[in-house]
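Here are my notes on the model, point by point. They deal with a strand and its partners, then with a metal site.

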Amino acid sequence: MEIKKAAFTLSAPRESMCPKDNKPEFAFIGRSNVGKSSLINMLCNNKKLAKTSATPGKTLLINHFIINNEWYLVDLPGYGFAKRSKSVQQKLEQMITGYILQREQLVNVFVLIDIRHEQQKIDREFVDWLGESSVPFSIIFTKADKLGRVKAKENATKWMDALKDRWETLPPYFITSSEKKTGRDEVLDYIDSILKKL
Ligand code: GTP
Ligand code: MG
């Protein structure tokens with residue numbers, strides 16, 4: 001799959017204000033600062049497309065990017081950023097869960113996980129919630145450049161294996177680095193395979 005054209009479409013505070021042209025969407029979700037916006041930029045070969053920041057909590061709206069005039073990449077705010085006030089946190093959670101549960105054109109959610117850490121409760125709860133809600137999703141491990149190749153693979157396998165205590169079939173997973181462009185072809189081919197089945 002080749003990305004020939006990528007452009008920002010709009011930012012929406014809720015699902016009902018997202019684009020209405022009914023094109024398939026792939027959303028990126030995960031903890032604040034895990035690298036969602038950076039990954040979208042890496043996939044599109046455009047560092048300025050989605051706004052990134054070294055400080056967590058940069059993305060606060062549902063951001064749509066139209067790809068090849070055919071489908072959307074969707075950048076979502078991060079969850080689990082402790083420094084936010086309770087009311088802001090609640091509003092963001094409503095925005096995220098509302099979008100995921102109501103959005104009919106959402107074909108896959110990518111849950112981003114920092115490859116350096118052991119399975120965190122908040123990520124596990126989110127993945128379990130997607131499974132319970134029958135939302136199609138896959139896992140993307142980020143920041144693989146921060147570990148050696150063997151350690152990265154080991155951490156990813158361990159993280160996935162931990163899901164087996166509750167889930168019989170595991171979702172696909174990808175090991176990526178936005179810095180090094182690792183995993184780009186794999187993620188794009190996977191998106192392509194989903195689009196072809198629609
Ligand atoms: P929020 O919008 O705040 O939820 O964050 P986000 O998940 O969109 O993260 P963002 O893409 O803004 O990246 C957060 C920080 O991690 C930035 O300083 C990035 O440069 C860094 N980062 C993202 N991806 C990678 C990666 O693959 N490798 C390395 N080394 N750093 C990365
Ligand atoms: Mg972001």
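Which residue stands opposite Trp 71 in E4?

1. Ile 67 does. The model is predicted, and the points below should be read with that in mind. Ile 67 belongs to strand E3 (residues 62–67), which pairs with E4 in the antiparallel sense over five bridges.

2. Between E3 and E4 lie three residues, and the two strands form a hairpin. In its turn, Asn 68 has a positive phi of about 50 degrees.

3. E4 also pairs with strand E2 (residues 25–30), here in parallel, through four bridges. Within this pairing Phe 26 is opposite Leu 73 of E4.

4. Strand E4 covers residues 71–75, and five of its five residues are buried. In a regular strand the side chains alternate between the two faces of the sheet. On one side of E4 are Trp 71, Leu 73 and Asp 75, on the other Tyr 72 and Val 74; both faces are covered. Asp 75 is thus listed among the buried residues, together with Leu 73 on its side.

5. The magnesium ion (ligand 2) has two protein donors, Ser 37 through OG and Thr 59 through OG1, at 2.1 to 2.2 Å. They come from distant parts of the chain, 22 residues apart: Ser 37 sits in helix H1 (residues 36–44), and Thr 59 in the loop between H1 and E3.

6. Are these donors buried or exposed? Ser 37 has a relative accessible area of 8% and Thr 59 one of 9%, so both count as buried, the cut-off being under 20%.

Conventions
Residues are numbered from 1 along each chain as its sequence is written. Chains are lettered from A and ligands numbered from 1 in the order in which they are written. This is a predicted model: local features need pLDDT of at least 70, side-chain atom pairs count only at pLDDT 80 or more; totals for chains, interfaces and linings use all residues. Side-chain values use heavy atoms; hydrogens and water are left out. Buried means under 20% relative accessible area, exposed over 50%, partly exposed in between (1.4 Å probe, protein chains only). Two strands pair if DSSP finds at least two bridges between them. Donors are N, O and S atoms within 2.8 Å of the metal (3.2 Å for Na, K and Ca); water is not among the atoms, so sites may look incomplete.
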